[in-house]
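Colleague: I'd like to go through the labels on this one and hear what backs each of them. Can you put the model up?

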Amino acid sequence: MYRRLQLFVVQVKDDHGVGMGLGGPWALLIGADGSGSPVRNWIVDHQALAFSQSPANSEFFVIEVSKQVADKNELSLSHQHFWGQSRSLILVLVPNVDGSFCGIFSMSVSGPHSYQRIKDLGTDGINQLLEQDIPGTRQLLNDACDGDFFKYLSEAQVYKWTRDGLVERFHSDKGRVVLLGDAAHCMSSELSQGCNCAMEDCSVMDDIISEGIPVEKLAAEFSRRRYREVSSIFEFARKAVPTSKSGLVWLLVQSLMIEMLFKLVPGWPKPWRHMLFGREPYTVIVERKMFENKVCSILATGTLAGPSALLLGSGYLPAAGVIVLIWTLGFVGALWFWPSIPRSDKGKAS
């Protein structure tokens, strides 16, 4: 039985940037190598695997400080996180247990704080920028880069941040490769579900392995069990926060309306906001949210239709009567949709 996993460092490119593929002495390669996943990118480039992503308006390069450089320049610090006054430049530097350090330097994709514009400033210009925008980092960065931050920056490999992204399936290469965590689904930060989703991936994979499913079917089985749930979380997180003032107002109105119905109407299903950090699968939460959207749309339309009807000459009923009538029709319409929603609020996240 295949109950033991062996860790490989898989290089999809050699030192000269030439593609090497994913051949190797394994029956199943688990690509859990982060949002910038070289394994995923290789599959996307060579096996027509679609990857839908929303790039963020920032880019970064990695800072690696060896123990020798850290000791030489007397670097001894805890986790450091600097936000620039422009909010475009960010430095994160953390110590490792062996005395070395690693971190990132983040910049905007365009404008005066983009990588190319900063690089064009030269040594003196960069030092001046650091003093002005993120005070306290000029000496730190030069020490971390063995005395020359400009040289380190000039030779750095720059990567673009991804706001979110989702592959069309979690397996490829005839079932020999499966993607987990951020390699398969980069979650936007609105619901803080990236880490949770990655841990659920591991739990589901552990269940599949424990069931004794043949290794050549593991990757496809993982996709089958996880994709619908993950795609629900992905779309939910992407649309969780309104992007306009009117959208925010509507969200607040919706919340008040649904909370009122939940408290006043016996048997009204639990609002999706009450389920968000519970045990219910996200597929159920998304269905509940769609139901609530329909209910609120009907009720809001009815509320606006009453005064409009009076203005158009339908004055046989007082305004209050029209509004009550339309609200009643809206409530009946909501009950019409209600049976399509799972009635039980108990559930286990897959």
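**Labels and their cut-offs**

Modeller: Start with the side chains of Asp 133 and Ser 86, which share a polar contact of 3.1 Å. This is a predicted model, where local features need pLDDT of at least 70, side-chain atom pairs count only at pLDDT 80 or more, and totals for chains, interfaces and linings use all residues. Residues are numbered from 1 along each chain as its sequence is written, and side-chain values use heavy atoms, leaving out hydrogens and water.

Colleague: Why is the Asp 133 and Ser 86 pair called a polar contact?

Modeller: The term needs a pair of N or O atoms within 3.5 Å; within protein, one must be able to donate a hydrogen and the other to accept it, and residues adjacent in sequence count only if both atoms are side-chain atoms. The pair sits at 3.1 Å, so it qualifies.

Colleague: What makes you say that Asp 133 has no salt bridge?

Modeller: A salt bridge is a side-chain nitrogen of Lys or Arg within 4 Å of a carboxyl oxygen of Asp or Glu. For Asp 133, the nearest side chain of opposite charge is Arg 87, 8.7 Å away, so there is none. Asp 133 is also buried (under 20% relative accessible area, 1.4 Å probe, protein chains only).

Colleague: And where is Arg 87?

Modeller: Arg 87 is in the turn of the β3 and β4 hairpin, with a positive phi of about 65°.

Colleague: How do you know that β3 and β4 pair?

Modeller: Pairing takes at least two bridges found by DSSP. These strands have 4, in the antiparallel sense, so they pair.

Technical notes:
Helices (H or I, at least four residues) and strands (E, at least two) are DSSP runs, numbered from the N terminus. Buried means under 20% relative accessible area, exposed over 50%, partly exposed in between (1.4 Å probe, protein chains only). Lys and Arg count as positive and Asp and Glu as negative; His and the chain ends are not counted.
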